[in-house]
Amino acid sequence: MSVLGTPPPSPMADVILSVHHLTKRFEGLVANREIDFEIPRHAIVSMIGPNGAGKTTFFNQLTGIIEPTSGTIEFDGTSVIGMAPHEVAELGIARTYQNIRLFADMTVLANVMVGRHVRMKAQWYEAVLGLPHVAREEAAVEQRALELLDLVGLPRRYADDLAKNLPYGHQRRLELARALASDPKLLLLDEPTAGMNPGETRQMTDLIARLRRELELTILLIEHDMKVVMGVSERITVLDYGERIAEGSPEEIRANPRVIEAYLGKQATA
Amino acid sequence: MRFRLPQRINLVSTILWGLRIVVAVLVLAGSWATLSSGKLSPDAWRELVVFGIAQGSVYALIALGYTLVYGVLFMINFAHGDVFMTGAMTAFFVARNFGESGFLNANPIVALLIIFAVSMLTSMLVAIALERIAYRPLRRAPRLVPLITAIGASLFISNSIRGIYGEQSQTYPSIDALQGRLDLFGIPILKTQALVIVSAVVLMIALVYFVERTRTGRAMRAVSEDKDVAALMGINVDRIIVTTFAVGGLLAGAAGILYALVFNEVDWFMGFLPGIKAFTAAVLGGIGNIAGAMLGGLTLGVLESVGPFLLLGGANVPSPNQLRDVIAFTVLVLVLIFRPNGILGRSEPGR
Amino acid sequence: MAELISRRQLRRVATIGAVAAVALLYLCMVGLIEAFKDRNVVTGVITLGAVMLLAVPLIAGYRAALLPRDASASRLAAWQRVLFGLVVGLIAGAVLGVFVVIASAVDVRGVLVRISPPLLEFLSFGLPSALAFLAITGLGGLTGALGALLLVSPVRIRNAVTSAVIAVVFMSMIEPLLRPRLEQLDYTAISDFVYKSHGLTEAAAILFLVVGAVAAILWQPANDLVRRTVDAAPVESRRRIRRWAIGVLVVAVLILPQVSGTFLAQVAVLVGLYMLLALGLNIVVGYAGLLDLGYVAFFAVGAYLTALLTSPNSSLGIGLPFFVALPIVMLGAGMTGLLIGAPVLRLRGDYLAIVTLGFGEIARVLFESDALQPWLGGVQGILGIPSPFPPRIDLDLGTMHIFATGPQVLYYPIFAFCALAAVFAYRLSNSRIGRAWNAMREDESVAEATGVSTVNYKLLAFALGATTGCLSGALFAVQLGSVFPGSFDVFVSITVLAVIILGGMGSIPGVILGAIVLIGLPELLREFVEYRVLVYGGVLVAMMLLRPEGLIPNRNRQRELHEADSEEEQETLDGDLMPQRGTS
Ligand SMILES: Nc1ncnc2c1ncn2[C@@H]1O[C@H](COP(=O)(O)OP(=O)(O)OP(=O)(O)O)[C@@H](O)[C@H]1O
Ligand SMILES: [Mg+2]
């Protein structure tokens with residue numbers, strides 16, 4: 001039983017993602033238990049919780065990488081359950097990873113262009129024949145990829161470097177650019193500021209806010225840094241031991257005793 | 001995080017189901033035809049089974065090498081078959097010498113022990129050199145890199161032996177004391193086959209003792225659980241890995257002599273097929289699992305010896321024994337496709 | 001008192017010496033020296049066997065002199081380094097010397113079959129034991145010191161010497177190519193000046209030494225000049241330069257069999273067949289990262305399908321014309337690719353390798369078996385495959401006279417197909433398809449989550465690779481006029497893999513170079529045939545250890561158009577450039 005019960009029905013708000021009774025079991029361990037969750041369109045929602053609370057597992061289910069044990073996931077009116085990850089990506093969900101996962105031996109530009117893959121139309125036989133529209137599409141996507149690099153603040157001079165040779169902060173930015181390349185409707189960020197210094201963290205926070213504003217994205221982020229969470233999100237969901245223990249505005253969460261006990265209390269002493 | 005394939009790919013699952021059905025039909029029809037024709041006497045079947053167990057115990061010993069190395073490094077030591085071959089080829093010269101000087105028949109036990117020792121030591125040295133030169137520098141490389149290295153090493157070793165000892169196959173001298181049959185619970189068994197099975201069992205018991213009871217064995221298991229944690233616990237991971245290769249080499253060297261006892265002939269290319277078959281056995285039993293390797297070896301040995309006659313004998317297929325390798329490879333392919341964790345396998349380690 | 005050599009250095013030197021000694025013994029025992037001891041480089045002066053033997057202490061000496069990389073290194077004088085080289089060479093030489101002395105006294109041929117009396121005589125210079133030992137040791141020490149000397153000498157001299165030696169060895173190696181052709185074209189004078197009954201003449205050797213050295217000395221400035229000119233040129237003319245370069249290359253490929261004669265054409269045909277195979281496998285292994293060890297199966301399927309469809313002697317006996325059969329063959333190939341690809345999709349990289357190896361072996365055993373003999377011909381194979389190409393071409397174009405027979409004729413279609421495959425592969429690799437493959441190779445599950453249907457792209461890679469392999473098989477069947485199961489063993493797969501690894505996975509120029517080096521060179525060195533697979537194995541290991549990206553690494557696409565942009569870079573997040581939201 002969660003503190004707040006099921007989220008209040010909000011018929012007016014346009015809900016982009018709604019999750020009901022989502023449960024994931026790993027042989028004995030319940031990583032997600034009966035989670036109910038909704039995101040209004042164009043919102044920035046944070047998900048917080050101690051290590052091992054099941055946040056990444058939640059993302060993996062949204063993106064089709066692992067299949068839920070039970071429950072429903074509806075994205076923009078379509079059920080995602082049973083879909084292959086690439087189909088989910090095509091629907092408009094893009095993500096980044098907690099421990100950066102780039103295509104290490106590909107160039108920065110190629111990494112972003114892979115992100116655009118689902119929106120490209122060239123078929124293999126067209127590419128083989130070297131048809132002009134394939135080249136046009138390539139050029140356009142390349143241009144767009146460069147613009148995305150600008151957007152996330154990755155200098156263009158890195159474009160031809162191998163992703164593995166980028167400094168850490170830039171790798172995070174590149175991962176973000178790759179996710180944005182598919183024109184997602186929903187962006188999932190798994191600890192986007194992990195390992196960043198305060199300056200970089202602030203930049204990233206600003207960027208997240210700006211992305212929502214200018215690209216009209218809906219953003220769900222997992223974050224341990226409370227400054228980021230409190231600064232950027234409208235609503236916060238708290239997971240602990242796989243269960244959703246709280247949900248509300250930053251102020252409500254800050255004041256919630258259970259959250260303080262489960263999460264902030266530990267943080268405060270740390 | 002395990003990569004999950006979508007459930008609804010029709011082409012792929014159709015092909016997979018097609019494969020299942022074809023195999024099932026062939027196996028059932030073939031066995032039915034053979035059994036109803038009654039071509040082979042019960043004695044002949046028993047002979048095939050015993051031969052299968054003997055050859056299976058050789059596979060099992062080699063398979064242990066694959067499994068041990070896989071356990072600590074999560075890599076397939078593709079050159080392990082050639083480690084096995086090197087021992088048998090080198091010990092041949094000792095055996096020939098003993099045979100010519102009469103020592104072999106005068107003192108068969110001592111002679112055999114020396115031959116075993118030579119083969120095991122040679123294989124062990126090759127395995128250690130292999131680890132040191134070819135694999136150690138690549139421990140953190142992407143997975144395909146050590147695999148390609150291993151394939152290269154396999155070719156290099158086998159062709160070096162071909163150059164050094166010559167390319168003709170050699171026949172081990174026969175031992176008078178091992179001629180004829182032994183009566184075991186009323187079943188006559190070739191003495192060589194009995195010796196092979198017994199030696200294999202002894203070696204496996206020794207291995208289990210080593211892994212379960214000795215300090216090094218426990219360290220080996222710790223390393224296979226988690227190298228970093230093992231290192232923190234003060235275990236010298238490099239040394240344990242070398243030891244693992246060494247133990248695998250010792251077993252492979254012994255397998256080389258057992259192979260020579262069963263098949264008599266050895267040559268520079270003999271590592272390839274037994275190597276792949278032993279790998280199949282290791283996967284069949286669940287790679288990384290010691291008991292699995294033994295079980296897999298025996299199963300494959302028997303399947304391979306009985307299979308061609310059982311499946312093809314009744315269908316009047318000419319020279320069914322030519323197709324025994326097809327059976328082994330088909331088992332390999334089917335196991336890897338449909339049951340990559342094997343019979344006793346633990347679940348796959350993270351990618 | 002300053003130490004002559006520190007303990008640590010001593011240990012390193014001893015280690016290198018021991019490794020060199022083992023290498024020398026290995027070369028002798030494995031038979032390489034025996035095989036090459038009669039192959040002259042410079043007639044009467046030095047043989048290829050001797051070059052191989054000397055190379056060992058030379059390299060070891062060089063390595064030893066390079067050794068002390070620690071802080072004390074800078075204080076090492078040149079003579080100390082040379083001393084290291086000398087010691088290493090002496091150790092290696094002494095070990096070989098002892099071995100020669102022992103082997104001359106005791107007959108070891110019962111075990112080490114290659115240690116023959118002629119070999120021992122070669123190694124000992126025909127001297128009695130004690131003298132032979134001294135000579136070998138001394139020579140080893142000298143060569144080791146020479147290697148060290150190379151290291152301490154200036155770069156230009158080092159390059160000049162290396163290049164001079166390579167030039168001489170190379171010129172002597174291509175004798176079987178060059179000499180018959182020169183004689184055939186009536187340049188006997190040149191031929192007699194350069195070659196003397198197998199091997200270079202002394203005069204020619206000196207000439208090539210000089211040419212090699214001069215080329216090396218001129219190389220750096222010339223290269224710089226070209227580089228600078230090209231860099232200075234605007235994008236447009238750089239493109240033009242590239243187009244010209246490709247044009248020249250094409251013309252060279254076209255006239256090659258005309259100038260080279262039939263022998264080289266025959267070698268080139270073989271190189272071409274493997275190049276085609278490698279281009280196909282490169283899609284699977286290089287682009288998509290799927291290690292397929294059963295690639296020979298497609299080669300075999302292509303050859304057998306062609307044989308069945310076109311040979312009147314086959315079990316089908318329909319004798320279709322080649323070019324009618326070809327589309328059917330390629331279709332069949334693609335299907336085989338899918339059939340093999342589908343079951344292995346889920347497998348991890350290393351299991352996939354072994355399963356495909358299994359498929360390859362199953363194919364071979366089946367082709368060979370008596371059970372399928374009525375259809376596939378068993379060990380006897382299928383004979384009587386007609387060639388669709390004319391046996392000879394004789395064209396008089398006024399200024400040029402084109403004449404070609406046998407392999408010279410087949411050369412053209414094979415290289416046409418190679419060129420086509422290369423262009424197609426190049427285009428794929430620079431499209432979203434190639435990127436999707438690469439992404440899959442790098443991280444399968446992330447690629448999938450980024451939107452790449454890994455199932456489809458794996459199948460596509462298998463199907464395209466299979467089609468290319470089959471094409472090569474079809475041409476192979478036509479070239480031979482028959483197919484035998486013996487031609488399709490696992491070593492074909494391994495050879496093709498070695499070609500790709502040597503050249504550079506995913507690199508088309510690399511694949512081309514790899515095929516020329518690994519397939520072409522052994523044909524020139526007949527003595528080599530037996531050691532081919534040994535060398536392929538060595539190549540695989542060495543490349544993975546030393547240069548896993550290959551000789552010509554896959555160059556990531558340079559963006560000519562955007563170099564100007566790199567100036568206006570922004571470190572901060574507040575750029576004012578905001579892309580439009582794409583249409584979706
Ligand atoms: N594939 C899996 N198989 C088995 N258990 C898993 C798997 N993935 C996650 N788990 C377990 O599920 C639990 C939740 O993991 P998850 O990664 O979702 O936590 P998290 O909230 O993201 O933690 P962190 O803050 O450390 O990233 C953990 O105990 C983890 O060990
Ligand atoms: Mg997490």
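Which protein atoms are the donors of the magnesium ion (ligand 2)? In this predicted model, local features need pLDDT of at least 70 and side-chain atom pairs count only at pLDDT 80 or more, whereas totals for chains, interfaces and linings use all residues; side-chain values use heavy atoms, with hydrogens and water left out. Residues are numbered from 1 along each chain as its sequence is written, while chains are lettered from A and ligands numbered from 1 in the order in which they are written.

The magnesium ion has A:Thr56, through OG1, and A:Gln98, through OE1, as its protein donors, at 1.9 to 2.1 Å. Donors here are N, O and S atoms within 2.8 Å of the metal (3.2 Å for Na, K and Ca), and the site may look incomplete because water is not among the atoms. A:Thr56 belongs to helix H1 (residues 55-62) of chain A, and A:Gln98 to the loop between strand S6 (93-95) and helix H3 (108-115) of chain A, so the pair ties together parts that are 42 residues apart in sequence. Helices (H or I, at least four residues) and strands (E, at least two) are DSSP runs, numbered from the N terminus. A:Thr56 is partly exposed, with a relative accessible area of 25%, and A:Gln98 is also partly exposed, at 32%. On this scale, buried means under 20% relative accessible area, exposed over 50%, and partly exposed in between (1.4 Å probe, protein chains only).

A:Thr56 and A:Gln98 appear again around ligand 1, where they are among the closest of 13 surrounding residues, together with A:Gly52, A:Lys55 and A:Thr57. A residue counts as near if one of its heavy atoms lies within 4 Å of the molecule or strand. Helix H1 of chain A gives the most to this shell, with three residues, and strand S2 (29-40) of chain A is another element that supplies at least two. By residue class, the shell holds four nonpolar, seven polar and two charged residues; Ala, Val, Leu, Ile, Met, Phe, Trp, Tyr, Cys and Pro count as nonpolar, Asp, Glu, Lys and Arg as charged, and the others, Gly among them, as polar.

Oxygen atoms of ligand 1 also come into close range of individual protein atoms. A polar side-chain atom of A:Gln98 lies 2.6 Å from one such oxygen, a polar backbone atom of A:Lys55 is 2.8 Å from an oxygen of the ligand, and for an N or O atom in the side chain of A:Asn51 the distance is 2.9 Å. The protein covers 64% of the 630 Å² of accessible area that ligand 1 has on its own, as computed by the Shrake-Rupley method with a 1.4 Å probe.

Salt bridges number 36 over all chains, each being a side-chain nitrogen of Lys or Arg within 4 Å of a carboxyl oxygen of Asp or Glu. In chain A, the side chains of A:Glu214 and A:Arg210 meet at 3.1 Å, N to O. Both lie in helix H7 (residues 198-215), and because they are four residues apart, about one helical turn separates them. A:Glu214 is partly exposed, at 33%, whereas A:Arg210 is buried, at 14%.

Chain C offers a similar arrangement: C:Arg179 and C:Glu175 form a salt bridge at 2.8 Å, being four residues apart in helix H8 (residues 175-184), and both are buried. C:Glu523 pairs with C:Arg532 at 3.4 Å; C:Glu523 is buried at 18%, as is C:Arg532 at 16%. Elsewhere, salt bridges that share partners join A:Asp14, A:Arg41, A:Asp76 and A:Lys185 into one network.

Notes
Polar contact = N/O pair within 3.5 Å; in protein donor to acceptor, adjacent residues only side chain to side chain.
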